[in-house]
Amino acid sequence: MAQTRICGNAFHILLRADLNELELSVSMYHEILEAATVASANPPQSVLEMNEGDFEQAAQRAHQTYGVATPKTLNRMLADFGFEG
């Protein structure tokens, strides 16, 4: 459903065009959390052992907790996982 490229400090996320609001939101949470983990020189302990399924579960929980993904809610999720801004 999504693909992310990391270029320096920028994430380039490509999403399928036919996603509904829930799929789009969960995909954004998933991709941002996974990309932040991969791009971080020193990722938080909370994400070190995560696999693809763990990222998906975390994204589903984030959507349930924060609602539709927005820059604000994405940042809250990252902060809750221990990423510093």
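What radius of gyration would a compact globule of 85 residues have, and what value does the chain have? For a compact globule of that length the expected radius of gyration is near 12 Å, and the chain has 12 Å, which agrees. The model considered here is a predicted one, and its C-alpha atoms fill a box of roughly 35 × 30 × 25 Å when this is taken along the principal axes. Of the 85 residues of the chain, 33% count as buried, and among the contacts between residues at least 6 apart in sequence, 59% join residues that are at least 24 apart.

The secondary structure comes to 3 helices and 2 strands, and the elements, read from the N terminus on, run β-β-α-α-α. Strand β1, which covers residues 2-7, runs antiparallel to strand β2, which covers residues 10-15, and 6 bridges join the two. Within this pairing, Q3 stands opposite L14 in β2. The two strands form a hairpin with 2 residues between them, and G8, which lies in the turn, has a positive phi of about 65°.

The helices can be approached through the largest nonpolar core. This core has 17 residues, of which Y29, L33, M50, M77, L78, F81 and F83 touch the most other members; α1, α2 (52-66) and α3 (71-80) each supply at least two residues of the core. In soluble globular proteins, nonpolar side chains tend to be buried together. Y29 illustrates how widely one of these members reaches along the sequence: leaving out residues up to four places away, Y29 touches A59, A62, H63, Y66, G67, V68, A69, T73, L74 and M77.

A residue of helix α2 shows another part of the interior. A58 has its place in α2 and counts as buried because its relative accessibility is 2%, under the 20% cut-off. Neighbours within four places in sequence aside, A58 is in contact with L33, M50 and F81, and each of these three is listed among the core residues that touch the most other members. The C-alpha atoms of A58 and V26 are separated by 9.0 Å, although the two residues are 32 apart along the chain.

Helix α1, which spans residues 21-39, also holds T37, a residue that is buried because its relative accessible area is 13%, again under 20%. The side chain of T37 reaches the backbone oxygen of L33 at 2.8 Å, while T37 touches P43, V47, F55 and F83 when residues up to four places away in sequence are not counted.

Which residues of α3 are buried? They are T73, L74, M77 and L78, and because they cover an arc of only 140° around the axis, they lie on the same side of α3. These buried residues pack against α1 and α2, whereas the face of α3 turned away from the buried side carries the exposed residues P71, K72, N75 and D80. α3 is followed by G82, whose phi is positive, near 105°.

Methods
Residues numbered from 1 in each chain as written. Predicted model: local features only at pLDDT ≥ 70, side-chain atom pairs only at ≥ 80, totals over all residues. Heavy atoms only, no water. Pairing = 2+ DSSP bridges. Helix = DSSP H or I, 4+ residues; strand = E, 2+ residues; numbered from the N terminus. Buried < 20%, exposed > 50% of the residue type's maximum accessible area, 1.4 Å probe, protein only. Polar contact = N/O pair within 3.5 Å; in protein donor to acceptor, adjacent residues only side chain to side chain. Contact = heavy atoms within 4.5 Å. Core = buried A, V, L, I, M, F, W, Y, C linked by side-chain atoms within 4.5 Å. Arc of directions from axis to C-beta. Rg over C-alpha atoms; globule rule 2.2 N^0.38 Å.
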